[in-house]
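Hi everyone, thanks for coming. I'd like to walk you through a structure that will be new to most of you, so please have a look at the screen and we'll take it step by step.

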Amino acid sequence: MSHTSASLVEEANRLLRHTWTYFVRQLPAGSTTRLPGLLIANGQSALPFMNMAIPTSPITDEADLRARIDMAASHFRKSGVHWLMVISEDVVPDALRHRLTSLCADSGLQYALAMFGMFTDTLVGPVRPLPALDMQVATAPGLREAVGDINAAGYAMPAELFRPVTVLPELWKDMVGIVGLVDDTPVATASVALVDEIAYVALVATHPDHQRKGYAEAVMRRALDESARVWGPRRTVLHATAAGQPVYRRMGYADTIRFDAFAGE
C-alpha cells in the first residue's frame, strides 16, 4: 500500500475519473453513468480503453467487489463492448489485496495491466541529451492518425481500434498532441489534456521499432511545453504503465498510488 499523502492519492483517483469522463464525452455515443460505488465511462468504442468502470468508494469485502463487477458487466454487456475495470490500490481492503486478481478472475475479468499515478509541479532537466526529432503539433488528420497508430503498436493492438478515437476533432478540444518523426516516419507521440486545471499527460507511446532512444521523453517534454504555451504552466499528473514509470521518474515525477486494470467482455 502506498504511503503517499491522502490528498495526492485522492488527486490521482479524481484525475482518472475526470480524464476518462472527458475522453468518453467527446466520442459520438459516449456517456458517463453513476452506479452505487462506480463510475461508468462508456465510450461505446471498439477500443476497450475508452470503456472503463472505476470504483468511487472503498470496497468492503468480496461480496461488494463481486456486486460492482456484476453491475459494470451488465452495463457494458448492453453496449456489446470490451471494457476495463480499473481499481485503485487504496480502495481495496488489506484482506483482499493479495487476492484481487483471482477474485476478479472468478467474476470473469482477466488481468490486463498495472498503472501508477504520478505527479510533478516542476520537471527536472534531462539527464542526457535529448534526441533530435522533427516534432509537430497534431492538428492535421494524418498526425492524429499517427497518434493512434503509435499507441496501437505500443500496446500490440490493431490501429483500427485507436484511429476512430484519435482522429475525432472533438477529442482535441482541450488537448494538445505532439508527434515526433524520423525521416518523415512517425515514431513517438505524447498528448496533454487540460483536466481540473491540471496538465494531464496521456497517449504517450513510442513505436516498438524505435524504443530506447529517448523519443518518448522528447515528445512528452515538447507536449508539456506546448500545453504551457496554450494554457500557462500547470501542475502535471499522469497514470504510467510499468514500462513508462522509470522515464517519468527521471523527469521529476513522483509516485502516488497503484491502479490495476482488469479486462471484461
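**A walk through the model**

Let's begin with one residue, leucine 203, which sits in strand E9. Before going on, please keep in mind that this is a predicted model. Now, what is there to notice about leucine 203? Its phi is near 55°, which is a positive value in a residue other than glycine. Is leucine 203 buried or exposed? With a relative accessibility of 18%, leucine 203 falls below the 20% cut-off, so it counts as buried.

There is another residue of this kind, glutamine 44. Its phi is also positive, near 45°, and again the residue is not a glycine. You will find glutamine 44 in the loop between E2 and strand E3, which covers 51–55. Here the relative accessible area is 42%, and glutamine 44 is partly exposed.

Let's step back to the whole chain. How many helices and strands does the chain have? There are 8 helices and 11 strands. The radius of gyration is 18 Å, close to the 18 Å that the globule rule gives for 265 residues, so the chain is as compact as a globular protein of that length. Along the principal axes, the C-alpha atoms fill a box of roughly 55 × 40 × 30 Å. Of the 265 residues, 52% count as buried. The chain exposes about 11,600 Å², and carbon and sulfur atoms supply 53% of that area. As for contacts between residues at least 6 apart in sequence, 71% of them join residues at least 24 apart.

**Strand E2 and its partners**

Now please find strand E2, residues 38–42. Strand E1, residues 31–35, runs antiparallel to E2, and 5 bridges join the two. Together E1 and E2 make a hairpin with 2 residues between them, and in that turn glycine 37 has a positive phi of about 75°. Which residue of E2 is the bridge partner of leucine 35? That is leucine 38. A little further along, threonine 33 stands opposite isoleucine 40 in E2.

E2 has a second partner to look at. It is joined to E3 by 5 bridges, and these two strands also run antiparallel. One pairing to pick out is asparagine 42, whose bridge partner in E3 is asparagine 51.

So what about the faces of this strand? In a regular strand, side chains alternate between the two faces of the sheet. On one side of E2 we have Leu38, Ile40 and Asn42, on the other Leu39 and Ala41, and all of them are buried. That makes 5 of the 5 residues of E2 buried, so the strand is largely enclosed by the rest of the structure.

**The cores and the aromatic rings**

On to the nonpolar residues. The largest nonpolar core has 47 residues, and those that touch the most other members are Leu16, Trp20, Phe23, Val86, Met175 and Val179. Helix H1, residues 6–25, gives the largest share of this core, with 9 residues. Apart from this core lies another one, of 25 residues, including Val176, Ala190, Val192 and Ala240.

Phenylalanine 23 deserves a second look. Not counting residues up to four places away in sequence, it touches Met50, Leu171, Met175 and Ala202. It also belongs to an aromatic cluster with Trp20 and Tyr22.

Staying with rings, a search of the whole structure finds 8 aromatic pairs. In one of them, phenylalanine 76 and tryptophan 83, the ring centres are 5.1 Å apart and the planes are at 15°, so the pair is stacked. Both phenylalanine 76 and tryptophan 83 are buried.

**Two residues to finish**

Last, a pair of residues to look at side by side. Glutamate 217 is in helix H7, residues 215–231, while arginine 212 is in the loop between strand E9 and H7. Which of these is buried? Glutamate 217 is, with a relative accessible area of 5%, whereas arginine 212 counts as exposed, at 85% relative accessibility. Leaving aside neighbours within four places in sequence, glutamate 217 is in contact with Pro126, Leu130, Val247 and Met251. As for arginine 212, it is 42 residues from alanine 254 in sequence, and their C-alpha atoms are 21 Å apart in space.

Thanks for listening, and I'm happy to go back to any part of the picture.

Conventions:
Residues numbered from 1 in each chain as written. Predicted model: local features only at pLDDT ≥ 70, side-chain atom pairs only at ≥ 80, totals over all residues. Heavy atoms only, no water. Pairing = 2+ DSSP bridges. Helix = DSSP H or I, 4+ residues; strand = E, 2+ residues; numbered from the N terminus. Core = buried A, V, L, I, M, F, W, Y, C linked by side-chain atoms within 4.5 Å. Buried < 20%, exposed > 50% of the residue type's maximum accessible area, 1.4 Å probe, protein only. Contact = heavy atoms within 4.5 Å. Phe/Tyr/Trp six-rings, centres within 6.5 Å; stacked < 30°, edge-to-face > 60°. Rg over C-alpha atoms; globule rule 2.2 N^0.38 Å. Areas by Shrake-Rupley, 256 points an atom, 1.4 Å probe, with all protein chains shown as cover.
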